[in-house]
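The exercises below are meant to be worked through with the sequence and the 3D view side by side. Please try each task before reading its solution.

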Amino acid sequence: PPVFETDVRPILKALCFHCHGEEEKPKGKLDVRLVRLMAKGGKHGPAVVPGKPDESLLWERVESDEMPEGPKKLSAGQKAVIKKWIEQGAKYQK
């Protein structure tokens, strides 16, 4: 199963950190650099609900191509990794 640090974080770092993590004030008050920060969520609530991609704002936004903003979107393969990661419990190394 996908693990955050090795499978998901590199995708988010390449496409999402510039708006949701590296800024002093992340957009939507959401920081996606750590799983605990995504679970806490931003102004719209938790970004990830382990085991439930359809209830996870992160999945909703990347699946619909709403995020990331601009022309550069996640590939089908990157989306599959994120969905599978959420489906299998949004695991991370402890």
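How many salt bridges does the structure hold? The structure, which is a predicted model, holds 4 salt bridges, and several of them are taken up in the exercises that follow.

**Exercise 1. Describe the overall fold and dimensions of the protein chain.**

Step 1. Begin with the secondary structure: the protein chain has 4 helices and 0 strands, and reading along the sequence gives the pattern α-α-α-α.

Step 2. Turn next to the extent of the chain, whose C-alpha trace spans about 30 × 25 × 25 Å along its principal axes.

Step 3. Compare the radius of gyration with what the chain length suggests: a compact globule of 94 residues would have a value near 12 Å, and because the protein chain has 12 Å, the two agree.

Step 4. Finally, consider burial, for which the figure is that 35% of the 94 residues count as buried.

**Exercise 2. Locate the salt bridge between Lys27 and Glu69, and state which parts of the chain this pair links.**

Step 1. Find the two side chains, which form a salt bridge with their closest N and O atoms 3.3 Å apart.

Step 2. Place the partners along the chain: Lys27 belongs to the loop between helix 1 and helix 2, while Glu69 belongs to the loop between helix 3 and helix 4 (76–87), so that this pair, 42 residues apart, links distant parts of the chain.

Step 3. Check the accessibility of Lys27, which has a relative accessible area of 38% and is therefore partly exposed.

**Exercise 3. For the salt bridge between Arg33 and Asp31, decide whether each partner is buried or partly exposed.**

Step 1. The side chains of Arg33 and Asp31 meet with an N to O distance of 2.7 Å.

Step 2. Arg33 has a relative accessible area of 31%, which makes this residue partly exposed.

Step 3. Asp31, in contrast, has a relative accessible area of 12%, and since buried means under 20%, Asp31 is buried.

**Exercise 4. Examine the surroundings of Lys79, beginning with its salt bridge to Asp65.**

Step 1. The side chains of Lys79 and Asp65 meet in a salt bridge at 2.8 Å, taken from N to O.

Step 2. This pair also links distant parts of the chain, for Lys79 sits in helix 4 and Asp65 in the loop between helix 3 and helix 4, with their positions 14 residues apart in the numbering.

Step 3. Compare the accessibilities of the partners: Lys79 is buried, because its relative accessible area is 15%, whereas Asp65, at 33%, counts as partly exposed.

Step 4. Now look from Lys79 towards Val62, a residue of helix 3: the two are 17 residues apart along the chain, and their C-alpha atoms are separated by 7.1 Å.

Step 5. Val62 has a relative accessible area of 1% and is therefore buried.

**Exercise 5. Identify the backbone features at Asp65, Pro68 and Ala90.**

Step 1. Return to Asp65, where phi is near 65°, a positive value in a residue other than glycine.

Step 2. In the loop between helix 3 and helix 4, which also holds Pro68, the peptide bond from Met67 to Pro68 is cis, with omega near -5°.

Step 3. Move on to the segment after helix 4, where Ala90 is found; Ala90 has a positive phi of about 50° although this residue is not a glycine.

Step 4. Ala90 is buried, because its relative accessible area is 4%.

**Exercise 6. Find the residues of the negative surface patch and describe one of them.**

Step 1. The patch is formed by Asp54, Glu55, Glu60, Glu63 and Glu87.

Step 2. Take Glu60 as the example, and note that this residue is found in helix 3 (residues 57–63).

Step 3. With a relative accessible area of 36%, Glu60 is partly exposed.

**Exercise 7. Determine where Cys16 lies and how far its C-alpha atom is from that of Ile86.**

Step 1. Cys16 has its place in the loop between helix 1 (4–15) and helix 2 (35–40).

Step 2. Its relative accessibility is 10%, so Cys16 counts as buried.

Step 3. Cys16 and Ile86 are 70 residues apart along the chain, and the separation of their C-alpha atoms is 17 Å.

Key:
Residues are numbered from 1 along each chain as its sequence is written. This is a predicted model: local features need pLDDT of at least 70, side-chain atom pairs count only at pLDDT 80 or more; totals for chains, interfaces and linings use all residues. Side-chain values use heavy atoms; hydrogens and water are left out. Patches are made of residues with over 30% relative accessible area and no salt bridge: like charges are joined within 9 Å, nonpolar side chains (Val, Leu, Ile, Met, Phe, Trp, Tyr) within 5 Å. Accessible areas come from the Shrake-Rupley method with a 1.4 Å probe; for residues, only the protein chains shown count as cover. Lys and Arg count as positive and Asp and Glu as negative; His and the chain ends are not counted. The place of a charge is taken as NZ of Lys, CZ of Arg, CG of Asp or CD of Glu. Helices (H or I, at least four residues) and strands (E, at least two) are DSSP runs, numbered from the N terminus. Buried means under 20% relative accessible area, exposed over 50%, partly exposed in between (1.4 Å probe, protein chains only). The radius of gyration is taken over C-alpha atoms; the globule rule is 2.2 Å times the number of residues to the power 0.38.
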